[in-house]
Amino acid sequence: MIRHDYSRVDTKRRPNIDYKKRQFAKAEFQQQSYDHRLNFYTLPPTAEITLEEFETWAISRLKVLSELEACSFRNRSPEETAEYMTSILSKHLPLHSNSSRIQSLQDERRKDHYSHFILRLAFSSTEDLRRRFSRLETMLFRLRFRDDDFKERQEFVKDLNLEWEEVDEDEKRELKDQLMAASGVRKGDEQEWIKVDWERVPELVEQRRAFLKRGKAYVPQREQQSLVVADFTKRLDEALSLTARALPRLDEDDRLAPILAHLSQSFNSPDAAYSSSDADIEGLSAIRAGAIDTLSKSFPLCMQNLHMTLRANSHLKHYGRLQYTLFLKGIGLSLEECIIFWRKSFKLMTDDKFQKEYKYNIRHAYGDVGGDANRRGRGYTPYSCHKIITEPLPGPGQSHGCPYRTFNPENLTALLQRVGVQDRDLLKTVREDVQKQRYHVACNRVFEHAHKKEIKKVKDDGTWSAADLDTIVHPNAYFKRSWLLKHLGEGNAGMVGGGDKMEE
Ligand code: SF4
């Protein structure tokens with residue numbers, strides 16, 4: 001399924017392996033066409049895609065699944081979830097109905113199909129990952145099923161050939177009272193009924209929404225969604241177990257294994273690349289070193305912690321400096337201003353020591369000196385939450401990392417209270433998140449609480465969509481959103497922080 005210009009795989013090491021020939025002997029490189037918007041993902045994709053498509057499509061789907069998971073962690077109702085997910089889906093994984101007649105219909109469906117199978121590979125290695133993937137894919141399918149055009153949905157269901165029987169008129173007449181009593185359908189609202197083996201609809205049986213007779217469940221047509229969704233989950237669970245068994249063979253492919261490993265890691269703490277647009281903040285330009293104290297009120301906890309430690313000790317250890325310098329660079333602080341910032345912050349240090357031992361590292365982070373990563377003069381990229389959360393824990397005296405992960409519960413509560421989080425319920429929920437290792441969920445919860453009023457405003461007046469308020473997975477995105485929300489309706493603030501001069 002992957003197109004590549006060259007292969008780094010040593011063909012002598014595995015002379016008889018050609019997956020395409022073995023698994024897709026007949027369908028080799030075939031483009032599939034998609035009649036329906038919805039997909040049960042029974043047929044694996046067989047056409048070629050590039051490695052770049054392989055990765056970017058998977059990341060798009062991962063984003064959607066992560067947002068769905070965040071909705072369930074936050075106990076959002078199905079209606080709230082549907083509303084929240086509308087713009088997320090249209091941004092990352094749009095799927096239009098046939099009636100829309102847009103040109104990219106087949107491309108959208110292809111991306112949906114392939115991305116499902118790529119993540120299936122990435123998330124079938126352990127029982128825990130399989131369960132999470134199946135639960136989230138089921139949520140996604142249910143959401144799309146609910147929203148689908150009625151006629152197209154019926155055609156899709158018909159093509160599935162699910163094993164159920166329609167209840168004929170004679171049987172309906174005979175069982176009329178029991179059917180009505182079991183389903184809550186009122187007289188006059190009579191409708192079509194279907195019967196299936198009761199094991200296939202445990203949800204309906206448990207909630208007494210179906211009539212049971214001789215091992216069959218009689219289900220009203222309006223409950224069709226439960227039936228289809230249950231079938232979707234059952235098939236996916238079976239397919240995931242099969243994929244898990246085939247996985248060891250994939251380890252031999254040294255192009256895919258690293259991508260798949262990265263994807264499955266990102267499932268725990270979603271990864272995000274730094275976007276240079278995070279430094280492009282309306283109303284905030286030419287940040288000066290002297291502004292950092294004020295701006296730090298909009299920093300996420302990881303950076304606030306570094307800032308407060310720096311102010312308390314007039315010093316930060318190497319990894320803390322690196323994490324913070326890259327973040328400051330990411331919000332748009334120039335190299336010159338960054339050097340001024342550190343020089344002034346290390347106020348107990350002689351100028352000679354600073355010039356000799358510290359200045360070079362700051363210039364290096366900005367790409368002003370050094371080779372390798374700095375070759376193109378851009379330096380290092382600001383760290384994402386994923387990177388900060390997954391790096392080794394800080395040692396004694398170090399302050400880098402994500403406090404939601406690195407602090408014990410008491411110290412985390414104290415730190416949050418210090419930055420102004422007093423709400424007891426929120427602190428309790430944050431502790432629960434942290435216990436379940438949902439560090440970025442805790443961070444987003446704190447963000448939403450701190451910006452409650454502003455978020456309500458932009459939602460009510462429709463100026464921000466749900467995609468603008470999606471889950472934050474990068475400290476620089478946190479800052480940008482916080483700044484914009486706290487300065488709604490203000491014009492360009494121009495140069496921020498006055499005109500500090502470098503003290504030579
Ligand atoms: Fe910083 Fe991300 Fe941790 Fe929030 S979740 S404190 S932004 S590393």
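Me: How do the side chains of Asp 112 and Arg 144 meet?
Reply: Asp 112 and Arg 144 meet in a salt bridge, at 2.8 Å from N to O. A salt bridge here is a side-chain nitrogen of Lys or Arg within 4 Å of a carboxyl oxygen of Asp or Glu.

Me: Which helices do Asp 112 and Arg 144 lie in?
Reply: Asp 112 is in helix 4 (residues 105–122) and Arg 144 is in helix 5, so the pair ties together parts that are 32 residues apart in sequence. Helices are DSSP runs of H or I with at least four residues, strands are runs of E with at least two, and both are numbered from the N terminus.

Me: Are we looking at a prediction, and what are the ground rules?
Reply: This is a predicted model, in which local features need pLDDT of at least 70 and side-chain atom pairs count only at pLDDT 80 or more, while totals for chains, interfaces and linings use all residues. Residues are numbered from 1 along each chain as its sequence is written, and side-chain values use heavy atoms, with hydrogens and water left out.

Me: Asp 112 and Arg 144: buried or exposed?
Reply: Both Asp 112 and Arg 144 are buried. Buried means under 20% relative accessible area, exposed means over 50%, and partly exposed is in between (1.4 Å probe, protein chains only).

Me: How many salt bridges does the count come to?
Reply: The count comes to 32 salt bridges. One of them joins Lys 63 and Asp 470, with the closest N and O atoms 3.2 Å apart. This pair links distant parts of the chain, 407 residues apart: Lys 63 is in helix 2 (residues 51–73), and Asp 470 is in the loop between helix 23 (452–460) and helix 24 (475–486). Lys 63 and Asp 470 are buried.

Me: And which residue forms a salt bridge with Arg 445?
Reply: Asp 433 does, the closest N and O atoms being 2.7 Å apart. Arg 445 lies in helix 22 (residues 439–450) and Asp 433 in helix 21 (residues 424–435), twelve residues apart. Arg 445 counts as buried because its relative accessibility is 15%. Asp 433 counts as buried because its value is 4%.

Me: Which residues do shared salt-bridge partners join into one network?
Reply: The network consists of Arg 61, Asp 112, Glu 137 and Arg 144.

Me: Changing topic: how many aromatic pairs are there?
Reply: The count is 23 aromatic pairs. Rings of Phe, Tyr and Trp (its six-membered ring) pair if their centres lie within 6.5 Å; planes under 30 degrees apart count as stacked, over 60 as edge-to-face and the rest as tilted. Phe 40 and Phe 141 have ring centres 5.5 Å apart and planes at 75 degrees, so this pair is edge-to-face. Phe 40 is in the loop between helix 1 (19–23) and strand 2 (49–50), whereas Phe 141 is in helix 5 (residues 127–147), 101 residues apart. Both Phe 40 and Phe 141 are buried.

Me: What about Phe 346 and Tyr 358?
Reply: Their ring centres are 5.1 Å apart and their planes are at 80 degrees, so the pair is edge-to-face. Phe 346 and Tyr 358 are both buried. They also belong to one aromatic cluster, whose members include Phe 299, Trp 342 and Phe 479.

Me: Last topic: what is the strand order in the open sheet?
Reply: The open sheet of four strands has the order 3-4-6-5, with antiparallel pairing. Two strands pair if DSSP finds at least two bridges between them. Strand 4 (residues 193–197) and strand 6 (residues 216–220) pair over five bridges, and Val 196 stands opposite Ala 217 in strand 6.
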